[in-house]
Amino acid sequence: KLLIWFDASGRKDLPWQKNKTAYRVWISEIMLQQTQVKTALPFFERFTDRFDTVGDLAKAPLDEVLNLWSGLGYYARARNLHKTAKIVTKKYGGSFPTNTAELESLPGIGRSTAGAIIALSRGEKATILDGNVKRVLSRLFGLTAWPGLKKQESALWELAQKFTPNSRISDYTQAIMDFGATLCTRARPNCLDCPFQNDCIAFSQGIVEKCPGSKPKKKLPVKQKSMIMICCSKEFLLEKRAPDGLWGGLWTFPECDPENLQTKLTELRLNKKPYEILPIYRHTFSHFHLDITPVKIKTEDTQIENKADTIYRWVADKSLAKIGIPRATENLMEKYLA
């Protein structure tokens with residue numbers, strides 16, 4: 001039933017469905033984690049235009065990779081792409097492993113992503129369980145538990161493996177993702193046109209909106225930082241962050257805890273300059289709110305000293321800089337353009 005639906009209504013013209021190499025499937029799968037297809041499309045096109053092969057990606061500077069990722073968020077995905085590209089190039093001669101166990105050993109590739117790479121690029125039997133598949137199976141079987149629970153996830157993996165067929169693997173894998181993304185959607189699913197209407201327990205019991213259950217909500221904690229917006233003419237001073245952690249490897253405004261502002265200004269040799277405290281700007285991550293207090297300082301001195309563990313540069317325009325800048329920094333640059 002699913003393949004009949006896919007033949008009539010499935011998506012067959014997505015860019016990663018053309019020339020379905022393991023490399024292109026891998027890039028698309030990583031981009032589609034936490035990101036909708038329509039958002040990922042232009043990023044995929046730009047990314048693969050610049051990095052045509054895994055070798056191209058491996059040779060590129062991380063700054064350029066992060067620059068092309070800027071705006072997609074969850075930047076650990078981009079850092080892991082770069083790490084994996086280097087491993088695949090060096091250890092596997094530029095060809096991706098052909099079994100899920102080896103794929104799962106690579107940075108940023110989990111069980112479902114490994115299955116997708118094998119199934120979509122090679123047409124070999126492998127199972128996926130992304131968010132769309134979890135939702136489809138939960139509704140078909142009337143499962144109201146949150147899929148993030150270990151016991152529930154294990155049950156869904158069993159179902160996903162049971163229904164993965166022995167033929168048309170690539171089509172089936174694309175079909176079940178498409179089905180969840182376009183018909184059995186999270187909000188307002190099109191149950192009237194669903195080929196599984198007579199088989200769906202959630203539909204028969206009137207509990208579609210309860211399947212699957214939502215993650216238990218908890219109040220997000222709030223963290224506070226001061227970000228120092230040092231302006232010279234129409235340029236801002238940015239600092240390169242450490243390779244890992246929040247916004248790892250990206251360029252942001254020099255930052256400190258609010259109570260350490262004077263210490264940071266002294267470190268930057270700007271403690272004698274007048275500064276302006278701007279309204280708090282809130283940026284929300286998946287696990288906390290970050291309340292940023294922008295501190296704006298104008299200077300005519302562009303000689304900021306780099307240290308062993310700190311690198312600065314003046315930036316006027318993100319597109320000209322070709323570096324990775326997180327959305328929060330970009331928004332503040334636009335809002336308070338020097």
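This is a guided tour of one protein chain, moving from the whole model to selected helices, cores, strands and single residues.

**The whole chain**

Begin with everything displayed, and keep in mind that this is a predicted model. With the view aligned to the principal axes, the C-alpha atoms of the protein chain fill a box of roughly 75 × 50 × 30 Å, and colouring by secondary structure brings out 15 helices and 8 strands. Of the 338 residues in the chain, 49% are buried. If contacts are drawn between residues at least 6 apart in sequence, 66% of them join residues at least 24 apart.

Switching to a surface, the accessible area of the chain comes to about 17500 Å², and carbon and sulfur atoms account for 50% of that area. Colouring by charge then shows 51 positive and 36 negative side chains, two sets whose centres lie 3 Å apart.

**Helix α2**

Next select residues 22-31, which form helix α2, a mostly covered element in which 10 of its 10 residues are buried. The buried set includes R24, S28 and E29 as well as W26, I27 and M31. To see what surrounds the helix, add α3 (37-50), α4 (54-59), α5 (62-69), α6 (76-91), α8 (111-122) and α11 (169-182), against which the buried residues of α2 pack.

Within this helix, centre on V25, which counts as buried because its relative accessibility is 2%, below the 20% cut-off. Leaving aside neighbours within four places in sequence, V25 is in contact with A116, I117, L120 and S121. One of these pairs deserves a distance label: V25 and L120 are 95 residues apart in sequence, yet their C-alpha atoms are 7.0 Å apart in space.

**The nonpolar cores**

Which residues have the most contacts inside the largest nonpolar core? Select W26, I27, M31, F47, L57, W69 and F179, which hold that position in a core of 91 residues. Helix α2 gives the most to this core, with 7 residues.

From this group, move to F179 and display its surroundings: not counting residues up to four places away in sequence, F179 touches L2, W5, V136, C184, C194, P195 and F196. Apart from the largest core lies another, of 14 residues, which can be found by selecting L237, L265, L268 and L270 among its members.

**Strands β6 and β7**

Now turn to strand β6, residues 281-284, and show its side chains, which alternate along the strand. Y281 and H283 point to one face and are buried, whereas R282 and T284 point to the other face and are not buried. Adding residues 289-298 brings in strand β7, which runs antiparallel to β6 and is joined to it by 4 bridges. The connection between β6 and β7 is a hairpin that passes through 4 residues, and beside it T284 of β6 can be picked out standing opposite H289 in β7.

**A loop residue, L149**

The last stop is L149, in the loop between α9 (131-140) and α10 (150-163). Is L149 buried, partly exposed or exposed? With a relative accessible area of 44%, L149 is partly exposed, because that class covers values between the 20% and 50% cut-offs. To finish, select K215 together with L149: the two are 66 residues apart in sequence, while the distance between them in space is 9.0 Å, C-alpha to C-alpha.

Methods: Residues are numbered from 1 along each chain as its sequence is written. This is a predicted model: local features need pLDDT of at least 70, side-chain atom pairs count only at pLDDT 80 or more; totals for chains, interfaces and linings use all residues. Side-chain values use heavy atoms; hydrogens and water are left out. Helices (H or I, at least four residues) and strands (E, at least two) are DSSP runs, numbered from the N terminus. Buried means under 20% relative accessible area, exposed over 50%, partly exposed in between (1.4 Å probe, protein chains only). Contact means heavy atoms within 4.5 Å. Accessible areas come from the Shrake-Rupley method with a 1.4 Å probe; for residues, only the protein chains shown count as cover. Lys and Arg count as positive and Asp and Glu as negative; His and the chain ends are not counted. The place of a charge is taken as NZ of Lys, CZ of Arg, CG of Asp or CD of Glu. A nonpolar core is a set of buried Ala, Val, Leu, Ile, Met, Phe, Trp, Tyr and Cys residues joined through side-chain atoms within 4.5 Å. Two strands pair if DSSP finds at least two bridges between them.
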